[in-house]
Amino acid sequence: MKLYERLLAAASAQSDDGAIRVRAVYEPTGGPGERIFPPTVKFNATDTAGYLTEPRYVDGEQVTVVLLDQRQSQANRCEQALLDAVRRQDLFIPHLELTTEAEGMPVRITSMEAPHRSRDAYFRDAQDNDGTTFDETEPGAALRQASSADLSVYLRLVPSDLVYGVWDSHRRRRIQVKVPRAYTSEMYGVAPLAGVCAAGRVDRLNLAGDTVEVTGTGWSPVQGAKPAKGVVTARMSELGHGVIPPSEEIGGVSVKAVHRQATVSMAQLASLRFGGMSEEFAAAGRALLAAIALLGDRLAFASPGLHLRSGCDLVVVSEQLEWVQRGQVGRPVTRPLEAVTVSDMLALFETALERAVKEGLEWPVAPLGLRPNASLQQAIAKSYETVGVGAVEDA
């Protein structure tokens, strides 16, 4: 496969290809200028909610942009898309899987979903079926003892960690494993104009907005002129009843265009080391990681439409996938990527996996199963408990 051979050389810095780049332009599903909603953040300086904006150069011009989806979120979308493909049995990528039950409901979290991937506290506080702490099991100890000089156990057990980045920050160790992401992607809107909206709630029965007493099992009207001392109280509107008059809130933005920029860094992949394994093994492993990055991108973003969050649905206007090569006369040379579809990248992944296994990579056929220890199980169970009524939270 010609694409694989090119990727094999590039991922080990043996060619003029320094990166693979994706550049895409979107517009709102309702058309240019339709209001879309970026993620809301809380600003520490003012204790108010708003959107993240910053100046950037776009096509050589300085403009203000609003961030619509940051690198961490885009990586999560790719990981979720890969995990969905695994659950459809389209492919398999090794990962950790913690399973349990709480309040009669099945609970599952994998290293492709946990915030710190395989090094997350969920897995630190997990154990195998024999009750052995995960970090003391053979695979757990191998991950814990890995170093930047030998990441072969990551390639074997949790390869997506090496694609999207991992930091073993939840364990006390003077030298922690910290691998930068090889795949990055982000989305932003150009020249945002802030919108406003009014939010409220209509109650068909127009219940009174009285103050009520709140208990562990529910609420009841206040008996007497005022609540008894020490009783927890709340307004009816806080418990989901009554009318809330409309009030002004942040109301999305209108932008000139929405851009997505993604890269697979061949330099980062080439920096990965696998201990005493052969150079052929290392090269095949790096190429496999690059193939996972490309497949994740296509699974998450190859569709004509994209849903980021409520009020932020987009359609693709244009998209380019390209090799970025050593520059000439002051600018990099780019060449179109030979494959752009999900099926293309799935075939590339299968070729890369076959070659890596041929070079000696052990590739499990099922996730590494774990369960929470007693303390974590108790915390998980508590999250699923219903303990009465509570105040309504903003969506």
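This tour visits a small set of selections in the structure, one stop at a time. The model is predicted.

**Stop 1: a sheet of strands**

Begin by selecting residues 211-214, which form strand β13. Add β14 (219-221) and β15 (233-235), the two edge strands, each of which pairs on one side only. Together, the 3 strands form an open sheet in the order β14-β13-β15, with antiparallel pairing. Viewed against each other, neighbouring strands of this sheet are turned by 40° on average, direction ignored.

Now restrict the view to β13 and β14, which pair in the antiparallel sense over 3 bridges. Within this pair, select Glu 213 and then Ser 220 in β14, its bridge partner.

**Stop 2: His 95**

Next, select His 95, which lies in the loop between α2 (71-87) and β6 (96-102). Is His 95 buried or exposed? His 95 has a relative accessible area of 4%, under the 20% limit, and therefore counts as buried.

To see what surrounds His 95, display the residues it touches, leaving aside those up to four places away in sequence. They are Leu 83, Val 86, Thr 110, Ser 111, Met 112, Leu 157, Val 158, Pro 367 and Leu 368.

**Stop 3: the cysteines**

A disulfide is a covalent bond between the sulfur atoms of two cysteines. How many disulfides does the count give here? The count comes to 0 disulfides.

Select Cys 78 together with Cys 312 to see why Cys 78 has no such bond. The closest cysteine sulfur to that of Cys 78 is in Cys 312, 16 Å away, which is too far for a bond, since the two sulfur atoms of a disulfide must lie within 2.5 Å. Cys 78 is also buried, at 0% relative accessibility.

Then select Cys 197, which is likewise in no disulfide. The nearest cysteine sulfur to Cys 197 is again that of Cys 312, 14 Å away. Cys 197 counts as partly exposed, at 25% relative accessibility.

**Stop 4: an internal cavity**

Finally, turn to the interior space. A search of the whole structure finds 1 cavity of 30 Å³ or more, and the largest cavity has a volume of about 40 Å³. To locate the largest cavity, select its lining: Ile 20, Val 22, Tyr 183, Ala 262, Thr 263, Val 264, Leu 294, Asp 297 and Leu 321.

Which elements each supply at least two residues of this lining? They are β1 (17-28), β17 (258-265) and α8 (279-301). Colour β17 last: it provides the largest share of the lining, 3 residues.

Definitions and conventions:
Residues are numbered from 1 along each chain as its sequence is written. This is a predicted model: local features need pLDDT of at least 70, side-chain atom pairs count only at pLDDT 80 or more; totals for chains, interfaces and linings use all residues. Side-chain values use heavy atoms; hydrogens and water are left out. Two strands pair if DSSP finds at least two bridges between them. Helices (H or I, at least four residues) and strands (E, at least two) are DSSP runs, numbered from the N terminus. Axes are lines fitted to C-alpha atoms, for helices over the stretch in contact, and angles run from 0 to 180 degrees between N-to-C directions. Buried means under 20% relative accessible area, exposed over 50%, partly exposed in between (1.4 Å probe, protein chains only). Contact means heavy atoms within 4.5 Å. On a 1 Å grid over the protein atoms alone, a cavity is a set of points where a 1.4 Å probe fits but cannot get out, and a pocket is an open set with protein on both sides within 12 Å along at least five of seven lines; lining residues have an atom within 4 Å of a point. Grid points are joined across faces, edges and corners, and a volume is the space filled by probe spheres set on the points.
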